[in-house]
Amino acid sequence: MMEKIVILGAGYAGMMTGSRLERFSQEFTLINQNSYHYFTTLLHEVAGGRSIPSNYAVPLTDVLSRPTTHVVIDEVLGIDREGCTVQLKSGRKEWYDFLVITLGSVPEYFGIPGLAENSLVLNSLDSAIRIHDHIVKQMELYMLDGDLRHLRIVVGGGGLTGIELLGELLDLVPKLCVKYGIPEELVDVQTIEAAPEILPQLPDALRRKAVNFLMFKGAKLHMNTKITKVTAETVHLEGDEIIETGTIIWTGGVRANPLLASAGFTIDRRGRAKVNPFLQSVDDARVFLGGDSAWCEGENGRPIPPTAQMASQMGHVIADNLTALANGRQMKPFHARPLGTLASLGREVGVGTVLGVPVQGVIGGMFKESSKLKYLWELGGLRLVEMKGRVI
Ligand code: NAD
């Protein structure tokens, strides 16, 4: 009898696992809380209003459409590893022979008082829309009461998420200022970063370019500055400085879905479950983990970062290994192939490295654009490139 494969989560790792299993004609069930897959790496564009949100998502069944594929829209509430079942919000229990956990991440708040309650985050299509709508609303409130706090936007965290969002907001602000007739110099967009530098992934020279460009576009960048407390209208910094603001967006880090800890996996300090070289849980050979769910050590012994690029590559290997098991073949180990890191700094400009070569400016922006097409191609071939490539 064919073994039953269940995939939890339709992010980059889950979708890539499913799409590749379809190529091998393997039957599987994919469970996801939304009926669509969204492009997490482009959420900053949604927050900045670059294009309509629906352009950044694709219905699951448009990509995974084989008769051997079963898509279930439901929320995973728990994983019972002894009983080999998954508990769903609808009350239904899904049993499995092999489970693929690719459940993404949640914001890491580091226990900072008031942060979770009072900040916006950028981790889903809905949250990106919320950021956009909130900033528009603040402009409208300023028009009513003239309170300058409505025109101050504070982004906590200068990693890739925070900086890509900042770049996009710096494009959005001038448009909104024209729309509402607000002088642009009244708007104050700030990034607060605890470390000495933003974008630690990039070489010094590129990082300096990014800093100069963002400041030229009007951002204030505070480095070596830690957020210690947040209230509805204030951000408190180490050293007692307080910023009054109408908009606080937290991009200070992520941790794995808490379901992994509750299911009793061996986890790291970011809640990711430890895997062996084949991406199987070290605790349970029936469970594979990918993307932000996997605590996977790279060749340098350091955990592989939770990026879309790595998630997609893991999805490939998980599908190959499940197929190998089904056919009595040897599984293959996962070897990360880092292609580079690209940070967009707004609509046209980007910085980063591609296969070790530094890229910047408009060329950097073009590489970033082409990375979108590469992903669409890998996920859904020409059909998906045609469907989405023109609009995002
Ligand atoms: P991150 O952990 O990489 O960056 C968070 C930043 O917030 C850090 O620089 C940290 O010093 C800062 N921070 C933490 N606590 C703070 C505090 N109290 N006050 C001020 N600053 C504080 O998180 P991220 O940017 O969300 O990225 C998560 C993962 O996703 C990373 O692996 C990243 O590489 C990846 N990512 C990649 C891309 C891309 O490739 N373009 C885009 C987004 C995210």
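The following dialogue goes through some labels given to parts of this predicted model.

Visitor: Why does Glu168 count as buried?
Guide: Buried means under 20% relative accessible area. Glu168 has a relative accessible area of 2%, so Glu168 is buried.

Visitor: What makes the contact between Glu168 and Arg50 a salt bridge?
Guide: The cut-off is a side-chain nitrogen of Lys or Arg within 4 Å of a carboxyl oxygen of Asp or Glu. The side chains of Glu168 and Arg50 meet at 2.6 Å, N to O, so the pair fits that rule. Glu168 is in helix α6 and Arg50 in the loop between α2 and β4, 118 residues apart.

Visitor: Why is Arg50 called buried?
Guide: The limit is under 20%. Arg50 has 16% relative accessibility and therefore counts as buried.

Visitor: How do you know that Arg81 forms a salt bridge with Asp284?
Guide: The closest N and O atoms of Arg81 and Asp284 are 3.4 Å apart, and the rule asks for within 4 Å. The pair links distant parts of the chain, 203 residues apart. Asp284, at 13% relative accessibility, counts as buried.

Visitor: Asp188 and Arg152 also meet in a salt bridge. Why is Asp188 called buried, and why is Arg152 called partly exposed?
Guide: Under 20% is buried, over 50% is exposed, and partly exposed is in between. Asp188 is at 10%, so Asp188 counts as buried. Arg152 is at 22%, so Arg152 counts as partly exposed. The N to O distance in their salt bridge is 2.7 Å. Asp188 lies in strand β13 and Arg152 in strand β12, so the pair ties together parts that are 36 residues apart in sequence.

Visitor: What joins Glu45, Arg50, Glu168, Glu369 and Lys372 into one network?
Guide: Salt bridges that share partners join these residues. By the rule, the model has 22 salt bridges.

Visitor: Why are strands β1 and β9 said to pair?
Guide: Pairing needs at least two bridges. Four bridges join β1 to β9, and the two strands run parallel. Ile5 stands opposite Phe98 in β9. Three bridges join β9 to β21, also parallel, and Val100 has Phe288 as its bridge partner in β21.

Visitor: What makes the approach of Glu193 to the ligand a polar contact?
Guide: The cut-off is a pair of N or O atoms within 3.5 Å. An N or O atom in the side chain of Glu193 is 2.5 Å from an oxygen atom of the ligand, so the pair qualifies. A polar backbone atom of Leu342 is 2.8 Å from a nitrogen atom of the ligand. The protein buries 80% of the 840 Å² that the ligand exposes when taken alone.

Notes: Residues are numbered from 1 along each chain as its sequence is written. This is a predicted model: local features need pLDDT of at least 70, side-chain atom pairs count only at pLDDT 80 or more; totals for chains, interfaces and linings use all residues. Side-chain values use heavy atoms; hydrogens and water are left out. A polar contact is a pair of N or O atoms within 3.5 Å; within protein, one must be able to donate a hydrogen and the other to accept it, and residues adjacent in sequence count only if both atoms are side-chain atoms. Accessible areas come from the Shrake-Rupley method with a 1.4 Å probe; for residues, only the protein chains shown count as cover. Buried means under 20% relative accessible area, exposed over 50%, partly exposed in between (1.4 Å probe, protein chains only).
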